[in-house]
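Grab your viewer and work through these exercises at your own pace. Each one has a task, then a solution taken step by step.

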Amino acid sequence: MIAREIKPGIVSMSTIDWDRKLFDQLVPLPEGTTYNSYLVKGSEKTALIDTTYPPFTAEYLEILKETGVSKVDYIVANHGEQDHSGSIPAVLKLFPEAKVVTNARCKGLIADALPVADDKFLEVKDGETLSLGDRSLQFFLTPWVHWPDTMVTYLAEDRVLFTCDFLGSHLACSELYAGDEARVEAAAKRYYAEIMMPFRSFIQKHLETLAPLKIDVIAPGHGPVYSRPEFILDLYRRWASDQPLKEVVIPYVSMYGNTLRMVDYMTDKLMDMGLFVTPFNMVGADTGKLANALVDASTVVFASPAVLAGPHPDIVSAAYLMNALRPKTRFVSVIGSYGWGGGIVSKKIIELLTGLKTQLQFLEPVLVKGLPGEEAFKALDSLAKDIYTANQAMDKTGVAE
Ligand code: FEO
């Protein structure tokens, strides 16, 4: 763990969790993560912005003491999830006079999960300001990035925006700032895909709300700090937009190679047509990579054999994930080989995508019995042509004309 100054009187205290493999027992973390807390010293009051994940509390308190701070007046909680709020009780023990500053929703979540007494909270509303003397904190409620309680804190005098989960990345790295932008972009995109994508419409709205703020630095709760705010804001504007790219994702499973033949044929065909294609073998797959590919994809072709009167369970899982993540995808189809009773494969996949049915256009599936032959490849040619035509016809809002 390390404390580093962003500006005089503004200190980043970052817990680097190099070895964490999974978040919430769900989200793969191939590059670990960080939990960032910030200290803001005003001429009269001192505030902490968020804290850290409880397994690192002792280390965090040591670093906090090393900053030389003798008094904490406010602990701002931008979000109630415990990787940010979990050390609040320990900080309150050290600084019993401190108040936990947060919105009503977040207060409720913290009070439900942590031993923080009601009189320890100072509740703030959207747009409200809290003076630290020569510095002030302004709070903007940004619900659903990714919980209903989320907010961001703006330090106007220094043009720093503290965003907690919003705009963050799961990236354990030694740098304070996002210097290697290609690496940070990849981590931030994966983070967006796995955590933020279901809330695209909220993100669009929050980006508009925050647009008038003059921002020099974005200090998130995970990953490096952005000294070039437009870097991450532009990426979020693109990812959260309604405009998909001409990209095709093919999550597949093949038991005896027949479905794989169809996947290979379809991949080559679409590549010949100039489309960007990513086939994913879903057996033992990193679901984060699939989520990542779904961020901008216009088209998803599920490829599955029939197993026990339905798709392979790994394809069920891919369809379930897609439905939950709510990407901007417009076109879906199903291909695959079956031994007997294959029609149910397509029907069951479509049923799994009910949350997306108003935005999706289903293209004619290609399901064949056994080894794919001439007829099957003709049908795949026709599906590839439909995919190409649908992608060419997308207008600028991503809807096929
Ligand atoms: Fe980083 Fe939603 O917690």
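**Exercise 1. A residue in a strand**

At 11% relative accessibility, does Thr46 count as buried or exposed, and what is the reason?

*Solution.* Bear in mind throughout that this is a predicted model.
- Step 1: Buried means under 20% relative accessible area.
- Step 2: Thr46 comes in at 11%, so Thr46 counts as buried.
- Step 3: Place the residue: Thr46 sits in strand 6, residues 46-49.
- Step 4: Now look for what touches Thr46. Skipping residues up to four places away in sequence, you get Leu39, Val40, Lys41, Val69, Lys71, Val72, Asp73 and Tyr74.

**Exercise 2. The overall picture**

Work out what the protein is built from and how much of it is buried.

*Solution.*
- Step 1: Tally the secondary structure, and you arrive at 12 helices and 20 strands.
- Step 2: Box the C-alpha atoms along the principal axes; the box is roughly 80 × 40 × 35 Å.
- Step 3: Check burial: of the 401 residues, 55% are buried.
- Step 4: Take the contacts between residues at least 6 apart in sequence. Of these, 72% join residues at least 24 apart.

**Exercise 3. Two helices that meet**

Find the packing angle between helix 5 and helix 9, and put a word to it.

*Solution.*
- Step 1: Locate the pair: helix 5 covers residues 181-196 and helix 9 covers residues 287-294.
- Step 2: Their axes lie 8 Å apart, at an angle of about 90 degrees.
- Step 3: That angle makes helix 5 roughly perpendicular to helix 9.
- Step 4: List who meets whom. Helix 5 brings Lys189, Arg190, Ala193 and Glu194, while helix 9 brings Gly288, Lys289, Ala291 and Asn292.
- Step 5: Sort the contact residues by type: two nonpolar, two polar and four charged.

**Exercise 4. Into the core**

Identify the best-connected members of the largest nonpolar core.

*Solution.*
- Step 1: This core has 57 residues.
- Step 2: The ones touching the most other members are Phe166, Tyr192, Ile203, Ile232, Tyr236, Phe302 and Leu353.
- Step 3: Helix 5 supplies the largest share of this core, eight residues.
- Step 4: Zoom in on Tyr236. Leaving out neighbours within four places in sequence, Tyr236 contacts Phe166, Leu167, Gly168, Tyr191, Tyr192, Met196, Ile203 and Leu207.

**Exercise 5. A ruler for helix 10**

Check whether the length of helix 10 agrees with 1.5 Å a residue.

*Solution.*
- Step 1: Helix 10 runs over residues 313-325, which is 13 residues.
- Step 2: The expected span is 1.5 Å times one less than the number of residues, so helix 10 should span 18 Å.
- Step 3: The end C-alpha atoms are 18 Å apart, so the two values agree.
- Step 4: Pick out the buried residues of helix 10: Ile315, Ala318, Ala319, Met322, Asn323 and Leu325.
- Step 5: See what covers these buried residues. Among the covering elements are helix 5, helix 9, strand 17 (297-303) and helix 11 (343-352).

**Exercise 6. Backbone oddities**

Track down the backbone angles worth a second look at Trp144, His146 and Arg326.

*Solution.*
- Step 1: Recall the background: most residues other than glycine have a negative phi, and most peptide bonds are trans.
- Step 2: Trp144 has a positive phi, near 70 degrees. Trp144 lies in the loop between strand 11 and strand 12 and is partly exposed, given its 31% relative accessibility.
- Step 3: The peptide bond from Val145 to His146 is cis, with omega near 15 degrees. His146 lies in the loop between strand 11 (136-141) and strand 12 (151-155).
- Step 4: Arg326 is not a glycine, yet its phi is positive, about 50 degrees. Arg326 follows helix 10, in the loop between helix 10 and strand 18, and counts as partly exposed at 38% relative accessibility.

**Exercise 7. Leu245 and Thr259**

Compare the burial classes of Leu245 and Thr259.

*Solution.*
- Step 1: Leu245 belongs to strand 15, and at 35% relative accessibility Leu245 counts as partly exposed.
- Step 2: Beyond neighbours within four places in sequence, Leu245 contacts Asp296, Ala297, Ser298, Asn391 and Met394.
- Step 3: Thr259 belongs to helix 8, residues 258-272, and at 2% relative accessibility Thr259 counts as buried.
- Step 4: With the sequence neighbours within four places set aside, the contacts of Thr259 include Val253, Ala303, Pro305 and Gly336.

Definitions and conventions
Residues numbered from 1 in each chain as written. Predicted model: local features only at pLDDT ≥ 70, side-chain atom pairs only at ≥ 80, totals over all residues. Heavy atoms only, no water. Axes fitted to C-alpha atoms, helices over the stretch in contact; angles between N-to-C directions. Helix = DSSP H or I, 4+ residues; strand = E, 2+ residues; numbered from the N terminus. Parallel < 35°, antiparallel > 145°, perpendicular 65-115°, else oblique. Contact = heavy atoms within 4.5 Å. Nonpolar A, V, L, I, M, F, W, Y, C, P; charged D, E, K, R; others polar. Buried < 20%, exposed > 50% of the residue type's maximum accessible area, 1.4 Å probe, protein only. Core = buried A, V, L, I, M, F, W, Y, C linked by side-chain atoms within 4.5 Å.
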